[in-house]
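Let's take a walk through this structure together, one step at a time. Have the viewer open and follow along as the names come up.

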Amino acid sequence: MRSIWNGAISFGLVSIRIKLMNATENHSISFRQIHTEDGGRIRYRKVCELEEKEVPASEIGKGYEDADGSIIPITDEDLAVLPLPTAKTIEIVAFVPASSIDPLQMDAAYYLSANGVPATKPYTLLREALKRSQKVALAKFALRGRERLGMLRVVDDVIAMHGLLWPDEIRTPEGVAPETDVSVREAELDLADALMNMLGEVELSSLHDDYRAAMEQLIAAKVEGGVLPEAAPAEGGGRVIDLMAALESSVRAAQEARGAGGEAGEEVAEVTPIKGRKRAASAPKAAAGAKKSTTAAAKKTAAKKTTSAKSTSAKSTKSAAAAKKSTPKKTTPRKHASA
């Protein structure tokens, strides 16, 4: 890893030379601004307002804008003489329990590496002391033109530092909570607890950025001239009318996802149906009763048709016999002998 800052950790009278490296990296897909008419790249140029011409980076410095709009130049020499002991030092000021740090203060994360062989022994001493105390170190350090607050903790066999926001940089959540009074029933809390138990825990390593994967697929399809991926179906945005019904459905879906009955020796949350839904439950029975009545009626109709067919057949047989009896016999003329 490439170091972004070199300095030392001040631990009482102990000084530990270290190198600071970024502990995270950004995998987001970045875009460029283009002219939609011809696809030309849109670039930003740094132009001096007085001369109205582009200025190279070597001629660009810092300045503070005063209330009246005037600019007060601030040089690197001015910054170098500031009475800051943390300019090149991570100064540890206290050791506190990790639970005392509000996660809202968490900022960027860094790895601290021992810079050279002489720094290895004090570095290891601080690391092991942090492990045994089960605490984190609060420190002050200067980076990128400002003094910052940091928290040192042990990750595997490395000392990591999280940049922290200053307490006055955290906003109070005024006007964020619901203003109306809402009462939550015990039954709703029980179902919420059951749903939380069914969802359980997750391995963070199994989570991934679906948006980035879809974006990479889209870019590859446009480059190769292939078929663009289909848009995902929009989820319903209607408000939940029956919260209990939604919780029950969620618990059942979680149960099905984890398999019927759960794992061996695992307690499975039970869902108690809500009262007042007997009509919906009795509908299948009513449908079954109607089906039986229809079947019985069909059987009666079939029996009636069979009896009618037999009666018609018998009548036809009798009529045929009567017709046969009433038919006259043919007489054959007798021949007379000639004289």
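Helices here are DSSP runs of H or I at least four residues long, strands are runs of E with at least two, and both are numbered from the N terminus. With that in hand, helix H3 covers residues 186-199, and glutamate 188 has its place there. We will come back to that residue at the end. One thing to keep in mind throughout is that this is a predicted model.

Start with the overall picture. The protein chain contains 6 helices and 11 strands. Of its 339 residues, 17% are buried. If you take the contacts between residues at least 6 apart in sequence, 60% of them join residues at least 24 apart.

Now to the barrel. Seven strands form a closed barrel with mixed pairing, and the order to trace on screen is E1-E2-E8-E11-E10-E9-E7. Ignoring direction, neighbouring strands of this sheet are turned by 40° against each other on average.

A good place to enter the barrel is strand E1, residues 5-11, which runs antiparallel to strand E2, residues 14-22, with 7 bridges joining the two. Glycine 7 has isoleucine 18 of E2 as its bridge partner, and isoleucine 9 stands opposite isoleucine 16 in E2. The hairpin of E1 and E2 has 2 residues between the strands, and glycine 12 takes a positive phi near 65° in this hairpin.

What does E1 pair with besides E2? Strand E7, residues 89-96, is joined to E1 by 3 bridges, and here the strands run parallel. Isoleucine 9 is worth a second look: its bridge partner in E7 is isoleucine 90, while isoleucine 16 stands opposite it in E2.

From E7 you can step on to strand E9, residues 136-143, which pairs with E7 in the antiparallel sense over 5 bridges. In this pair, phenylalanine 95 stands opposite alanine 137 of E9. Going the other way from E1, through E2, you reach E8: E2 and E8 also pair over 5 bridges in the antiparallel sense. There, methionine 21 has tyrosine 111 of E8 as its bridge partner. As you look along these strands, a general point helps: in a regular strand the side chains alternate between the two faces of the sheet.

Let's stop in strand E8, where alanine 108 lies. Is alanine 108 buried or exposed? With a relative accessible area of 32%, alanine 108 is partly exposed, because that class runs between the 20% limit for buried and the 50% limit for exposed. Leaving out residues up to four places away in sequence, alanine 108 touches Met161, His162 and Gly163. Its C-alpha atom is separated by 9.5 Å from that of glycine 150, a residue 42 places away along the chain.

Alanine 108 also leads us to the empty space in the model. How many cavities of 30 Å³ or more are there? The count comes to 1. The largest cavity holds about 70 Å³ of space. Its lining consists of Asp107, Ala108, Tyr110, Phe141, Arg146, Arg148, Leu149, Gly163, Leu164 and Leu165. By class, that makes 6 nonpolar, 1 polar and 3 charged residues. Strands E8 (106-114), E10 (146-155) and E11 (158-164) each supply at least two residues of this lining.

Pockets are open, and the largest one has about 350 Å³ of space. It is lined by 14 residues, and those nearest its centre are Leu79, Leu84, Ala87, Ala142 and Gly145. Helix H1 (76-80), E9 and E10 each give at least two residues to the lining of this pocket. The lining divides into 8 nonpolar, 1 polar and 5 charged residues.

Finally, back to glutamate 188 in helix H3. Why does glutamate 188 count as buried? Its relative accessible area is 12%, and buried means under 20%. Apart from residues up to four places away in sequence, glutamate 188 touches Ser183, Leu243, Met244 and Leu247.

Note on methods. Residues numbered from 1 in each chain as written. Predicted model: local features only at pLDDT ≥ 70, side-chain atom pairs only at ≥ 80, totals over all residues. Heavy atoms only, no water. 1 Å grid on protein atoms, 1.4 Å probe; cavity = no way out; pocket = protein on both sides within 12 Å on 5 of 7 lines; lining within 4 Å. Points joined across faces, edges and corners; volume = space filled by probe spheres on them. Nonpolar A, V, L, I, M, F, W, Y, C, P; charged D, E, K, R; others polar. Pairing = 2+ DSSP bridges. Axes fitted to C-alpha atoms, helices over the stretch in contact; angles between N-to-C directions. Buried < 20%, exposed > 50% of the residue type's maximum accessible area, 1.4 Å probe, protein only. Contact = heavy atoms within 4.5 Å.
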